[in-house]
Amino acid sequence: MTAGKKELPHVTIERPILGSGPALPALDRRSREVFRQIVETYLATGEPAGSRNLSRMLPMTLSPASVRNVMSDLEVAGLIYAPHTSAGRLPTETGLRFFVDAMLEIGDINQDDRRSIEAQVRGAPGTRSMEQVLTEASTMLSGLSRGAGVVVTSKQDQRVKHIEFVPLEPTRALVVLVGEDGSVENRVLAVPSGLPPSALVEASNFLNARMRGHTLAETRAELERAHTSAQAELDALTAKVVEAGLAIWSNGDDDRRQLIVRGQANLLEDLKALEDLERVRLLLEDLEGKKDVIDLLGRAESADGVRIFIGSENKLFSLSGSSMIAAPFHDSEQKIVGVLGVIGPTRLNYARIVPMVDYTARLVGRLLGQG
């Protein structure tokens, strides 16, 4: 499907355009109003809407019998369904997608949410690492949305303070990387058999002289440009250690993608039935699968604004029937460095959470740019 964008005064939403199938946007006025009330009742309460209540809520005069006729047509179109024989109607995932794409009205973020986001995410200027800022952002989003706040970002852009190679065994060494933000990472590195300890010291000194204050990617690119002079300065074994030491952090594999999830306990609130508990159990299992969550969030990196994923239209939520609202954030050079968002049930308050996620992504980008 091609991507479509809906632009509001302060928010850009990038979303798929509905493909072939029923002519959904061609619903007449009364069908749209009945459908809108069914969806809004579901988003507010999680409960089905019946024809008698709907007839009282509609902005036009329509008898319960007429409402039932409209509901029957909406059901045939695949937009709503009856959870029980005599119950009211709930929106299907297709119906939710149609509502979000064609009917959702989103304004600017309200002042209370704006103040909460700025107070929690900004914090004391200049005193927190990037990881601390992102952790605060995910915690704040989970609190305001009552869903799970999620952030994924690349760790390879951190600036290095110190690197050291420590011998472990004849063919293994420990590589300790200390970032300027105070973070410390350890990796085990395979080294050539018979490598003298002096080679590890030389490799540490060589890299520390060149990478302090720089990112791993910058250091690797610089060494590739100066390959000949580096080879002349180091012996063959030490050069291999230097190359391998950089490779384990800057090769772009999944370990370089950092996932932060906060507020999973929020998903256990307001459960109304055993099927709700099972849905949440499946969602929590989904959140444990780091790679799948990172892959899904990665799909939002290509967006110009907010992306909305609903239920089984993505593999990750095919069982739990959940939704995610996500937006990328940028560094000072407008390069996308991560994605943040909210994951929760499909009855998320989209109108409130979409501008909240958008504003948080913009704010985080400004803070990272100031760093």
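The legends below introduce close-up views of a predicted model.

**View 1. How confident is the prediction, on average and along the chain?** The mean pLDDT of the protein is 79, and 80% of the residues score at least 70. Confidence peaks in strand β4 (residues 90–91), at 94, and is lowest in strand β1 (residues 3–7), where the mean is 47. Residues 1–5 stay under 50, and the model gives them 16 contacts beyond four places in sequence. Another stretch to view with care is residues 16–23, where pLDDT is below 50; the model shows 14 contacts for this stretch beyond near neighbours in sequence.

**View 2. The largest nonpolar core, with 59 residues.** Among the residues with the most contacts inside this core are V34, I117, F329 and Y350. Helix α13 (residues 350–370) is the biggest contributor, giving 11 residues. Another core, of 20 residues, lies apart from this one, and includes V152, L283, F309 and A326.

**View 3. Meet the surroundings of V34.** Setting aside neighbours within four places in sequence, V34 is in contact with L54, L58 and L62, and also with V67, V70, M71 and L74.

**View 4. An open sheet of 3 strands, β6-β7-β8.** The pairing here is antiparallel. Because β6 (160–169) and β8 (184–190) each have a single partner strand, they stand at the edges, with one side left without a neighbour in the sheet. On average, neighbouring strands are turned by 20° against each other, direction ignored.

**View 5. Where β6 meets β7 (residues 172–179).** These two antiparallel strands are joined by 8 bridges, and V160 stands opposite G179 in β7. Helix α7 (residues 197–211) packs on the sheet and touches both β6 and β7; the direction of α7 makes about 170° with that of β6.

Key:
Residues numbered from 1 in each chain as written. Predicted model: local features only at pLDDT ≥ 70, side-chain atom pairs only at ≥ 80, totals over all residues. Heavy atoms only, no water. Core = buried A, V, L, I, M, F, W, Y, C linked by side-chain atoms within 4.5 Å. Buried < 20%, exposed > 50% of the residue type's maximum accessible area, 1.4 Å probe, protein only. Helix = DSSP H or I, 4+ residues; strand = E, 2+ residues; numbered from the N terminus. Contact = heavy atoms within 4.5 Å. pLDDT = per-residue confidence, 0-100. Pairing = 2+ DSSP bridges. Axes fitted to C-alpha atoms, helices over the stretch in contact; angles between N-to-C directions.
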